[in-house]
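Visitor: Please take a close look at one part of this model, the place where two of its chains meet. I would also like a word on any unusual backbone geometry in those chains.

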Amino acid sequence: MQPTKEKLLWMYEKMVEIRDYEETMANVYMEGKLPPNIQKGLAFDIGSGPVPGEMHLAAGQEPVAVGTCAHLEKQDTVVGTHRPHHFAIAKGVPLDKMTAEMFGKAAGLGKGKGGHMHLFDPEHKFSCSGIIGASLPPACGAGLAAKKMGKNWVAVAFFGEGAANQGSFHESLNLAALWHLPVIFICEDNKWAISVPKSEATSVAWVADRASAYGIPGIKVAHNDALEVYQAVGPAVERARRGEGPTLIEVKTDRYLGHFQGDPEVYRPKDEVTELRKADPIKKLAADLKGRSMMTDDEEKAIVARAKKRVADAFDFARKSAYPAAQDALDDVFVAA
Amino acid sequence: MIEITLPDDVWQDVDPGTEALVEKWLVGEGDTVRAGQPIAEVVIVKAHQEIVAPADGRIEKIQVKAEETFGKGRSLALLSE
Amino acid sequence: MTATRKLTMAQAIAEGIAQEMERDPKVFVMGEDIGKYGGIFGATGGLLDKFGKDRIMDTPISETAFIGAATGAAAAGMRPIVELMFVDFFGVCMDQIYNHLAKNIYMAGGNIKLPVVLTTAIGGGYNDAAQHSQCLYATFAHMPGIKVVVPSNAYDAKGLMIQAIRDDNPVMFMYHKGIMGLPWMAYFEGSSNDVPQEPYTIPFGQAKVVREGRDVTIVTLSQMVHKALLAADELGRQGVNAEVIDLRTLVPLDRNAVLKSVAKTGRLLIADEDYMGFGMTGEISAIVAENLDSLNLKAPVRRLAVPNVPIPYSRPLEQFVIPQVKGIVEAALQLAKARVVERLVA
């Protein structure tokens, strides 16, 4: 399955946008958190600054998001994890509202109530959660609803390799298989579950091999490559739309930054990230596109400039947006009955 | 007199202007130390680092106390050989 | 004269665990990132180096399996300490906790022992949002069969931890992230304090009067103890002398400490970081209400707790829902001025 030139350029531009977003956020997150301007006796203050709390960035994992979302329409659902930005951006979640949410502003997706791990965009059918393994069951639900409504919509659940050892993973795969749900389960194997490497947590080398235990296809994508992901996800999406049920796809991807920002990564070999960055999938796709005369240097520059501007505008919007009123905390537990 | 600092390479990935924190001194002024002996624990952002004595000698003065922060290159203590 | 040194609560917990592991080879620890990482909140710092991988075991993200395994290992004669990284994650393993770990001893007529210590991180205030900021000790205290321990400082934490490990019953040991003494989270003074070098225990069911007073009783636990003490200082400056009670454990609960204090002051403020509805503040209020024949209230009971909303992410919203020092001061001042009014309902 070969992507069109438009699709390829879209994937490239989205990856550039995602990378720029994550790297911008990595810096903005640190604002206000470091000495000397924090409480005495601290080396870092997680609750300070314009983007307080935890932050989990997906720099390096862009290919999985774009290779998947290239096949999705607005009506398809994506449910994700605490490391959600790459999929959110690739799914079309508006950057300004997403960023405002992470700054805790009233104009954010959740009026500032959810924060970065809990982004909800019903218009683009994107949601995510901070509990490991929680993305799979709701994706099954979205698939179930599509079937009941007679639509050919699909649902994607993305999760890390760590989640493959959580009960909900097993239950969801069985349920989706049994009921022929139009779900694509995407496992992002970035080899680390905080400090624990996959080899010390998972009983098999490929999570994709667990698919056969549930009678569904398990596809292995061995490289952190947008095109490879695209070629693996395409047939799975088509299967699902034809009513042939779910697929499990595992992608070997790379997490460039820590588990969370500020993570000292004492568990990770010192040069691992430097080595990983040498095989940067964004640079690789650029080289591919230029090699195939699908993109000139000038076009590349224009794409990068456009993407960076969108990111910069989003952060600008977030900074300038107003905070919610304190009393607003009491609203929205329930909607009007 | 040797100045004991947090080595420059530790500061590599940190934004300029950021400071580190002395969490705990393991020795006091007047104590004799051996080269390689851990003498202090510091935290930079969230990473714990151990400071070891660069040579045999005596800690003459502690210049940055526990729970205080310091910038790159700052002398934390003085060691006389 | 025993040697003491100032420790953070995280260090005190790790030391308590280490000393019991040295004493008893049956004690071991399981959990996520408790090995090389030393626990996300430092509760197992240094233990992997001391005891090795066989006794300090990093687990996969499989809470039902490893917490259930702790129950099984305890039944078979081991003494596991098992960490649930954030209490908010209890959802993925609650059956093993409340239907098995908490009930098996009873259902077996007291003929088995289940010496499991379930450690977990609680609390918010640093913008970790709805799924990573809860306290939930009331949820666990509500269901019979599991002891609930909630230390407020390093000295108590070590003694309570050693007590918990030696207890042949399941104990939930809940430590607030904001008082672990982490170098990366804003803190209230007081949770790091002098801890004796040698092992010691603190019995469960013994609250502590951390500040004596005559005018109003503030009942609380965990990080809120430190906020209450700051509030008490301010109240003192305004002529109100507050008594602060640190409950330390919810199961068993020191009801007498509460009743004795309220009998003295006649005014009760309960300050809690868990949800208001159907929780700790309600339980304490009910205990007092049941004893109105033997003590006099000078003012209605006042409760400060998180309203029944999920903890919001945005800073002004989170600061609003979690009781703050200022809120405790205001509530106590109102109490000091309030009176019980008798009303006849026709």
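Guide: What follows covers the contact between chain A and chain C, then some backbone features in these chains. The model is predicted, and the values below are computed from it.

The contact draws 53 residues from chain A and 41 residues from chain C. Between them the two chains bury about 3,600 Å², and carbon and sulfur atoms supply 61% of that area. On the side of chain A, the residues that lose the most area to chain C are Ile46(A), Ile131(A) and Gln166(A), which together give 14% of what that side buries. Sorted by residue class, the side of chain A that touches chain C holds 26 nonpolar, 18 polar and nine charged residues.

As for specific pairings, zero salt bridges are found across the interface of chain A and chain C. Polar contacts are present: 19 residue pairs, with both residues at pLDDT 80 or more, are counted between chain A and chain C.

Now to the backbone. Most peptide bonds are trans, and most residues other than glycine have a negative phi. Exceptions to both patterns occur here, beginning with the peptide bonds.

In chain A, Pro35(A) and Pro36(A) are joined by a cis peptide bond, with omega at about 10 degrees. Pro36(A) sits in the loop that runs between α1 (5-30) and α2 (62-69) of chain A. In chain C, a cis peptide bond links Val251(C) to Pro252(C), and its omega is about 0 degrees. Pro252(C) belongs to the loop between β12 (249-251) and α9 (255-265) of chain C.

Two residues of chain A have a positive phi without being glycine. For Ile194(A), phi is near 50 degrees. Ile194(A) occupies the loop between β6 (192-193) and β7 (196-197) of chain A. Its relative accessibility is 10%, so Ile194(A) counts as buried, the cut-off being under 20%.

For Asp332(A), phi is near 75 degrees, again a positive value in a residue other than glycine. Asp332(A) lies in the segment after α10 (297-320) of chain A. At 45% relative accessibility, Asp332(A) falls between the 20% and 50% cut-offs and therefore counts as partly exposed.

Technical notes:
Residues are numbered from 1 along each chain as its sequence is written. Chains are lettered from A and ligands numbered from 1 in the order in which they are written. This is a predicted model: local features need pLDDT of at least 70, side-chain atom pairs count only at pLDDT 80 or more; totals for chains, interfaces and linings use all residues. Side-chain values use heavy atoms; hydrogens and water are left out. Contact means heavy atoms within 4.5 Å. Buried area is the accessible area (1.4 Å probe) that two parts lose on being put together, summed over both. A salt bridge is a side-chain nitrogen of Lys or Arg within 4 Å of a carboxyl oxygen of Asp or Glu. A polar contact is a pair of N or O atoms within 3.5 Å; within protein, one must be able to donate a hydrogen and the other to accept it, and residues adjacent in sequence count only if both atoms are side-chain atoms. Ala, Val, Leu, Ile, Met, Phe, Trp, Tyr, Cys and Pro count as nonpolar, Asp, Glu, Lys and Arg as charged, and the others, Gly among them, as polar. Helices (H or I, at least four residues) and strands (E, at least two) are DSSP runs, numbered from the N terminus. Buried means under 20% relative accessible area, exposed over 50%, partly exposed in between (1.4 Å probe, protein chains only).
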